[in-house]
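Subject: Structure handover

Hello,

Here is the structure I said I would pass on. Please look through it first; my notes follow below.

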Amino acid sequence: MGSSLWHRAKLRLKKALGKNIFLCDSCKWDWRSACHNPDRPNATWCPDYQKRGK
């Protein structure tokens, strides 16, 4: 759980600095029909985001 909070904090910092962060590139759910987010594949915020490789 701690790494999840750290990753979110890094994303917020990058967004605050003006960088575009696309979550889909590193998301666990980025395959076939697993993701139903309408912003996919360029989502910058997602309630279901989980970092791939946990």
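Is Arg52 buried, partly exposed or exposed? Arg52 has a relative accessible area of 44%, and since buried means under 20% and exposed over 50%, Arg52 counts as partly exposed. Please keep in mind that this is a predicted model.

Salt bridges

There are 2 salt bridges in the structure. Side chains of opposite charge can pair when their charged atoms come close. In one salt bridge, the side chain of Arg40 meets that of Asp30, at 2.5 Å from N to O. Both residues lie in the segment after α1 (2–16), so this pair ties together parts that are 10 residues apart in sequence.

The side chain of Asp30 also meets that of Arg52 in a salt bridge, here at 3.9 Å from N to O. Arg52 too lies in the segment after α1, so this pair ties together parts 22 residues apart in sequence. Asp30, Arg40 and Arg52 thus form a linked network of salt bridges. Asp30 is partly exposed, at 25% relative accessible area, and Arg40 is partly exposed at 31%.

Pockets

The largest pocket holds about 330 Å³ of space. It is lined by 15 residues, and those closest to its centre are Arg8, Leu11, Trp45, Cys46 and Tyr49. Its lining consists of 6 nonpolar, 4 polar and 5 charged residues.

The second largest pocket has a volume of about 160 Å³. Of its 15 lining residues, Cys35, His36, Asn37, Cys46 and Asp48 are the closest to the centre. This lining has 10 nonpolar, 2 polar and 3 charged residues.

Regards

Definitions and conventions. Residues are numbered from 1 along each chain as its sequence is written. This is a predicted model: local features need pLDDT of at least 70, side-chain atom pairs count only at pLDDT 80 or more; totals for chains, interfaces and linings use all residues. Side-chain values use heavy atoms; hydrogens and water are left out. On a 1 Å grid over the protein atoms alone, a cavity is a set of points where a 1.4 Å probe fits but cannot get out, and a pocket is an open set with protein on both sides within 12 Å along at least five of seven lines; lining residues have an atom within 4 Å of a point. Grid points are joined across faces, edges and corners, and a volume is the space filled by probe spheres set on the points. Ala, Val, Leu, Ile, Met, Phe, Trp, Tyr, Cys and Pro count as nonpolar, Asp, Glu, Lys and Arg as charged, and the others, Gly among them, as polar. A salt bridge is a side-chain nitrogen of Lys or Arg within 4 Å of a carboxyl oxygen of Asp or Glu. Helices (H or I, at least four residues) and strands (E, at least two) are DSSP runs, numbered from the N terminus. Buried means under 20% relative accessible area, exposed over 50%, partly exposed in between (1.4 Å probe, protein chains only).
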